[in-house]
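Dear colleague,

I am passing on a structure that will be new to you, together with some notes on it. Please look through the sequence and the model first, and then read on.

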Amino acid sequence: MDSLIQEFRAAYAAMRGDQLAETLHPDAQANRDKLLSIWGRGDQRGVTSDLNFLFYQDHSRVRLSKEETTGWFEIYQAYWKALGEILAAEGLRNDVKSSWTKVYESWRELTLLVIRGYTHYDFENWTIPCLYVTGKYLRLYAIRADEERNNSSDDISVPVMQDDFDPEAEEHKQLEDCARHLNRIFQTCLNDRAPLEESRKWGIYYAINLLFKTYFKLNAASLSKNVLKAISAGRGDMPTLDKFPKSQQVTFKYYEGVLLFLEENYVEAEKHLTMAWLLCHKDATRNLELILTYLIPCHLLTTHTLPSPQLLEPYPRLQKLFLPLADAIKKANLSAFDQALRDGEDEFIKRRIYLTLERGRDIALRNLLRKVFIAGGFEEPKDGAEPVRRTRIPVAEFAAAMKISGREDVDTDEVECLMANMIYKNLMKGYIAHERGVVVLSKTGAFPGTKV
C-alpha cells in the first residue's frame with residue numbers, strides 16, 4: 001500500500017490525472033504482481049492503519065484540504081477491498097473464492113466514493129480520469145456478473161450474447177444498475193457550473209460514450225436520446241466536441257450516427273458516420289469495421305453506391321456479408337441478392353441492418369429494368385436526327401427479365417405494381433399504360449443517376 005500511495009503523491013504533485021487514474025487500475029491480468037503486492041496479507045486493520053499514517057500523519061504527505069484527504073482516504077480503502085474480490089474472482093487468492101457479482105458490488109462502492117469526491121469533497125477537474133477508470137470497469141464487471149449468473153445452473157435458460165446489441169436477453173440486473181451509476185457520472189460532469197478551465201464538463205463525452213455502450217447492450221438505445229437532449233440543452237456552456245480527444249469524438253459520432261440510422265434518418269446518419277470514419281485511427285481496424293457496418297447501408301440507400309473489394313479487403317467479416325450483396329446488385333441478379341440476404345440474415349438482424357439492406361433489392365431491380373431498357377435498342381431515326389432509345393416497352397419484356405433474374409414466376413399485375421413503386425421512388429421516370437400493357441419511359445433520364 002505504501003508504494004501505491006507514493007504513486008498517488010507523485011501524480012498529485014505533478015497534477016497528472018492519467019497517472020493518478022493508473023493508481024486505481026484493477027486489471028489483474030496485466031498487473032498481477034502489483035495488485036497482489038497491494039493486497040498484501042489481506043489485513044484490513046493493517047491497511048487502515050497504513051492509510052491513516054500515509055494520509056494524516058506522514059510528514060512527506062501531500063498537503064490537501066481536510067475534505068480532499070477524507071475523500072482519497074475512503075477511495076483507497078474501498079479500492080483495497082475491491083482488489084481482494086477481484087483477485088479472488090480471478091483465482092489469484094488461495095484463502096477464499098469470490099464471484100463477479102461481489103466484484104461488481106465492491107467496485108460500485110468505489111465508484112460511488114469517487115463520484116462523492118467531486119460532489120462533496122471538491123476534487124479538482126484534472127483528476128477526472130479517475131472517473132473514467134471507475135466507470136469503465138464498473139460496466140465491464142457488471143457484464144461479467146450478468147454473464148456469470150446467466151451461465152449458472154440457476155439461470156441456464158437465459159441466452160448470453162457477446163455483442164453491443166443483445167435483443168434476446170431479458171435480464172441484465174447488474175448492467176441495469178450500472179447504467180444508473182454511469183448516469184450519475186454523466187450528471188456530475190454535466191451539472192458543474194465552474195468556469196470551463198476548471199470544469200468537470202471535460203469528462204462529459206467519456207461518460208456519454210459509456211452510457212451509449214451500456215444502453216445498446218441493454219437493448220435500450222432509445223434512452224440515448226435523453227442524453228443527447230441533455231447535452232443539446234446545455235451546449236452553450238460546454239466545450240465544443242472538437243476540443244475533446246479524437247477517440248471520444250469517434251465513439252460519440254459513431255453512436256450518434258447509429259441512433260439516426262435506427263430512426264431511418266439515413267442522410268444525417270451518413271454525415272455522422274462519415275465523420276467518425278474520417279477521424280478514426282487507421283490502425284483501429286475493429287472500430288473502422290463497426291463504422292462501415294452502418295455506413296455501407298447508408299451509402300446504398302442515399303447515393304446508391306456499393307463498397308469496392310479494395311475498401312473491404314482489411315475486413316474479412318464485412319467481405320463475407322456485403323460483397324455477395326454488392327455483386328448481386330451490380331449484376332441485377334435478384335435471386336442472388338435474396339440468397340445473400342438469407343445467408344447473412346442472422347448477422348444482419350443482430351446488427352439491425354437487415355431491413356435497411358432489404359431495401360437494396362430496389363436498386364438491384366432498378367438495374368435489371370435498366371438492362372431491359374438498354375437492350376431495347378433505338379427507334380428508327382427520322383430525317384437524319386440522332387437516334388433515340390425505344391421508350392415504349394411492353395410490360396411482358398420486364399416480366400420476362402424478372403422471371404429469369406428472380407427464378408420465379410411473376411404475373412403482369414405484380415410486375416406493374418413493382419414498376420409503379422419504382423416510379424414512385426424516383427428510381428425510374430415514366431408511366432404505365434395499363435390497357436395497352438406498355439411502359440412509357442422518359443426520353444431523358446429514364447433511370448435517374450445512372451446516365452441513362
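What follows goes from the whole chain to its cavities and then to four single residues.

Please keep in mind throughout that this is a predicted model. The protein chain is built with 21 helices and three strands, and its C-alpha atoms fill a box of roughly 105 × 55 × 35 Å when this is taken along the principal axes. The radius of gyration of the protein chain is 30 Å, whereas a compact globule of 452 residues would have one near 22 Å. Of the 452 residues in the protein chain, 49% are buried, and the accessible surface comes to about 22600 Å², with 49% of this surface belonging to carbon and sulfur atoms. If one takes the contacts in the protein chain with a separation of 6 or more, 64% of them are accounted for by residues 24 or more positions apart.

Turning to the interior, I looked for enclosed space. Rolling a probe the size of a water molecule over the atoms shows where empty space is left. The count comes to three cavities of 30 Å³ or more, and the largest cavity holds about 70 Å³ of space. Which elements supply the lining of the largest cavity with at least two residues each? They are α13, which covers residues 285-302, and α15, which covers residues 316-330, and it is α15 that gives the largest share, with four residues. Among the residues that line the largest cavity are Ile-296, Leu-300, Phe-322, Leu-325, Ala-326 and Ile-329, and the lining also includes Thr-305, Pro-307, Phe-337 and Leu-357. By character, the lining of the largest cavity divides into ten nonpolar residues and one polar residue, with no charged residue.

Two single residues are worth setting side by side. Tyr-121 is found in the loop between α6 (100-119) and α7 (129-151), and Ile-404 has its place in helix α20, residues 395-406. Are these two residues buried or exposed? Tyr-121 counts as buried because its relative accessible area is 11%, which is under 20%, while Ile-404 counts as exposed because its relative accessible area is 69%, which is over 50%. Leaving aside residues up to four places away in sequence, Tyr-121 touches Glu-67, Glu-68, Thr-70, Gly-71, Glu-74 and Arg-116. One of these, Glu-68, is 53 residues apart from Tyr-121 along the chain, and yet the C-alpha atoms of the two are separated by 5.3 Å. For Ile-404, the C-alpha atom is separated by 8.9 Å from that of Asn-333, with the two positions 71 residues apart along the chain.

Finally, there is a point about the backbone. Most residues other than glycine have a negative phi, and most peptide bonds are trans. Met-15, however, has a phi near 55°, a positive value in a residue other than glycine, and Asn-219 has a positive phi of about 60° although it is not a glycine. Met-15 is found in the loop between α1 (2-14) and α2 (17-22), and Asn-219 lies in the loop between α9 (204-217) and α10 (224-233). Met-15 is partly exposed, with a relative accessible area of 48%, and Asn-219 is partly exposed as well, with a relative accessible area of 32%.

With best wishes

Methods
Residues numbered from 1 in each chain as written. Predicted model: local features only at pLDDT ≥ 70, side-chain atom pairs only at ≥ 80, totals over all residues. Heavy atoms only, no water. 1 Å grid on protein atoms, 1.4 Å probe; cavity = no way out; pocket = protein on both sides within 12 Å on 5 of 7 lines; lining within 4 Å. Points joined across faces, edges and corners; volume = space filled by probe spheres on them. Nonpolar A, V, L, I, M, F, W, Y, C, P; charged D, E, K, R; others polar. Rg over C-alpha atoms; globule rule 2.2 N^0.38 Å. Buried < 20%, exposed > 50% of the residue type's maximum accessible area, 1.4 Å probe, protein only. Contact = heavy atoms within 4.5 Å. Areas by Shrake-Rupley, 256 points an atom, 1.4 Å probe, with all protein chains shown as cover.
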